[in-house]
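Trainee: I have a structure to go through today. May I ask you about it piece by piece?
Mentor: Certainly; please show it, and begin wherever you wish.

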Amino acid sequence: MAASKTQGPVARMQEDRDGSCSTVGGVGYGDSKDCILEPLSLPESPGGTTTLEGSPSVPCIFCEEHFPVAEQDKLLKHMIIEHKIVIADVKLVADFQRYILYWRKRFTEQPITDFCSVIRINSTAPFEEQENYFLLCDVLPEDRILREELQKQRLREILEQQQQERNDTNFHGVCMFCNEEFLGNRSVILNHMAREHAFNIGLPDNIVNCNEFLCTLQKKLDNLQCLYCEKTFRDKNTLKDHMRKKQHRKINPKNREYDRFYVINYLELGKSWEEVQLEDDRELLDRQEDDWSDWEEHPASAVCLFCEKQAETIEKLYVHMEDAHEFDLLKIKSELGLNFYQQVKLVNFIRRYYFPTYENDTLLCTLSDSESDLTAQEQNENVPIISEDTSKLYALKQSSILNQLLLQEYLKT
């Protein structure tokens, strides 16, 4: 199999004393076993033509075909189909571009069979129908060392970038939930979103490439996509209502797109932050002396506004209140055009008369403030939210218009 040559030296060649073993980048090959003499020398530029940062593509190991860096899978497919070479565990390669450039140079210096295992398919077929595929993996010491060196180099680059961001005082960002602007250090906006909006993506010191991270999240919200379940909604109010009620103000931990923004993902080769965290959790469980086998978590139930009846779902509770008490909360909301805060005031007002206000009221968590539930005329009305003077609670109860609703309920029962 012919291999094309690349320009510029990428690794150094050195003959040993008796000429029986040649080395490139510190790894030697003889007739039997490999020998490691000195550290690998990583490529400084792709093909010796442009700098690594400015290169828009990655070349094939064997020919002059180039593929964009973002289309790594297309390059791998090309090499399998056209050149019958398979690279094992590509996801564990920290810098795919430098990895390809290194082996592109090495394959011009020695036969591919010196590096790769040969896999023959159709071995029982006639010889002319048999095909050989070549496997490049970290079983080869040179490949393993290369992967480790690339990992270390990437970690150094990430730590330098993280330190630069930690010291940066010229950060400028806008909160994706309230549009408040922030200047100074990136920690200001991250702490604000965690404190004011219960949106916590991690400690600032654990995050790298913060600007790109925030832009990625903002783009998803602009596309009306939930950050956790990643479903798409018809408008911003519906999305906001969904994320609040479902407690989806967090990112999806299964989305590998976010891995590159956390330093922990660069610490161990081939392990994501979830896997590292899982190992820590297992160690804690191994040391845990208390027995939690009898722990049972009971589902939260919604309590009726007028009696002690509890329901497993809010729909069943609505049916109960309408049948037993002739109280239709959804109808009242629609007729009076109540927004979310007015619904909260109504529920709390009724509970003050009949029962003490619950600390964790499930009913309040299900109230909707979506504009799609209101008519067009009601949407155009800006209803001010005025804080009530609770110091005069008795006078407030006597003068509130909510008394009319209670009076109607009393007359009906």
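Trainee: Are Tyr 102 and Trp 103 buried or exposed?
Mentor: Tyr 102 and Trp 103 are both buried. Please keep in mind that this is a predicted model.

Trainee: How many aromatic pairs does a search of the whole structure find?
Mentor: The search finds ten aromatic pairs. One of them is formed by Tyr 102 and Trp 103, with 5.3 Å centre to centre and 85° between the planes, which is an edge-to-face arrangement.

Trainee: Why is the pair of Phe 213 and Tyr 262 edge-to-face?
Mentor: The planes of Phe 213 and Tyr 262 stand at 75°, with the ring centres 5.7 Å apart, so the pair is edge-to-face. The cut-off for that label is an angle over 60 degrees.

Trainee: Which parts of the chain does that pair link?
Mentor: Phe 213 belongs to helix H5 (residues 210-222), whereas Tyr 262 lies in the loop between helix H6 (236-245) and helix H7 (273-287). The two residues are 49 residues apart, so to speak of distant parts of the chain is fair. Both Phe 213 and Tyr 262 are buried.

Trainee: Which residues form the aromatic cluster?
Mentor: The cluster consists of Phe 62, Tyr 102, Trp 103, Phe 107 and Phe 115.

Trainee: Back to Tyr 102 and Trp 103, then. What about helix H2, how many of its residues are buried?
Mentor: Eleven of the eleven residues of helix H2 (residues 96-106) are buried, so the helix is largely enclosed by the rest of the structure. Tyr 102 and Trp 103 are among them, and the list also includes charged-residue names such as Arg 98, Arg 104, Lys 105 and Arg 106.

Trainee: And Gln 97 of that helix, which strand residue touches it?
Mentor: Ser 57 touches Gln 97, and also His 66, Phe 67, Pro 68 and Val 69, not counting residues up to four places away in sequence. Ser 57 is located in strand S5 (residues 57-59).

Trainee: Why does Ser 57 count as buried?
Mentor: Ser 57 counts as buried because its relative accessibility is 16%, and the limit is under 20%.

Trainee: Changing topic: which ring does the charged end of Lys 84 sit over?
Mentor: The charged end of Lys 84 sits over the ring of Tyr 133, 6.0 Å from the ring centre. In another such arrangement, Arg 249 lies over the face of Phe 177, at 4.9 Å from the centre of that ring.

Trainee: Now helix H4, please. How far does it reach?
Mentor: Helix H4 (residues 186-197) has twelve residues and reaches 16 Å from its first C-alpha to its last, close to the 16 Å expected.

Trainee: Which residues of H4 are buried?
Mentor: The buried residues of H4 are Arg 186, Ile 189, Leu 190, His 192, Met 193 and His 197. They cover an arc of only 155° around the axis, which puts them on the same side of H4. An α-helix has 3.6 residues a turn, so residues three or four places apart point the same way.

Trainee: What do those residues pack against?
Mentor: The buried residues of H4 pack against helix H3 (141-167), strand S10 (171-174), strand S11 (181-184) and H5.

Trainee: What is found at the start of H4, and what just after it?
Mentor: At the start, a side-chain oxygen of Asn 185 comes to within 3.0 Å of the backbone nitrogen of Ser 187. Just after H4, Ala 198 has a positive phi of about 55°.

Trainee: Which residues of helix H8 are buried?
Mentor: In H8 they are Ile 314, Leu 317, Tyr 318, His 320, Met 321 and His 325. These fall within an arc of 160° seen down the axis, so they line one face of the helix. The face turned away from that buried side carries the exposed residues Glu 315, Lys 316 and Asp 323. Glu 326 follows H8, with a positive phi near 55°.

Trainee: One last residue, Leu 217. What is it in contact with?
Mentor: Leaving aside neighbours within four places in sequence, Leu 217 is in contact with Met 176, Phe 199, Ile 201, Leu 227, Ile 251 and Tyr 258. Leu 217 is found in helix H5 and is buried, with a relative accessible area of 0%.

Key:
Residues are numbered from 1 along each chain as its sequence is written. This is a predicted model: local features need pLDDT of at least 70, side-chain atom pairs count only at pLDDT 80 or more; totals for chains, interfaces and linings use all residues. Side-chain values use heavy atoms; hydrogens and water are left out. Rings of Phe, Tyr and Trp (its six-membered ring) pair if their centres lie within 6.5 Å; planes under 30 degrees apart count as stacked, over 60 as edge-to-face and the rest as tilted. Buried means under 20% relative accessible area, exposed over 50%, partly exposed in between (1.4 Å probe, protein chains only). Helices (H or I, at least four residues) and strands (E, at least two) are DSSP runs, numbered from the N terminus. A charge sits over a ring if NZ of Lys or CZ of Arg is within 6 Å of the ring centre and within 35 degrees of the ring normal. The expected span of a helix is 1.5 Å times one less than its number of residues. The arc is that of the directions from the helix axis to the C-beta atoms. Contact means heavy atoms within 4.5 Å. A polar contact is a pair of N or O atoms within 3.5 Å; within protein, one must be able to donate a hydrogen and the other to accept it, and residues adjacent in sequence count only if both atoms are side-chain atoms.
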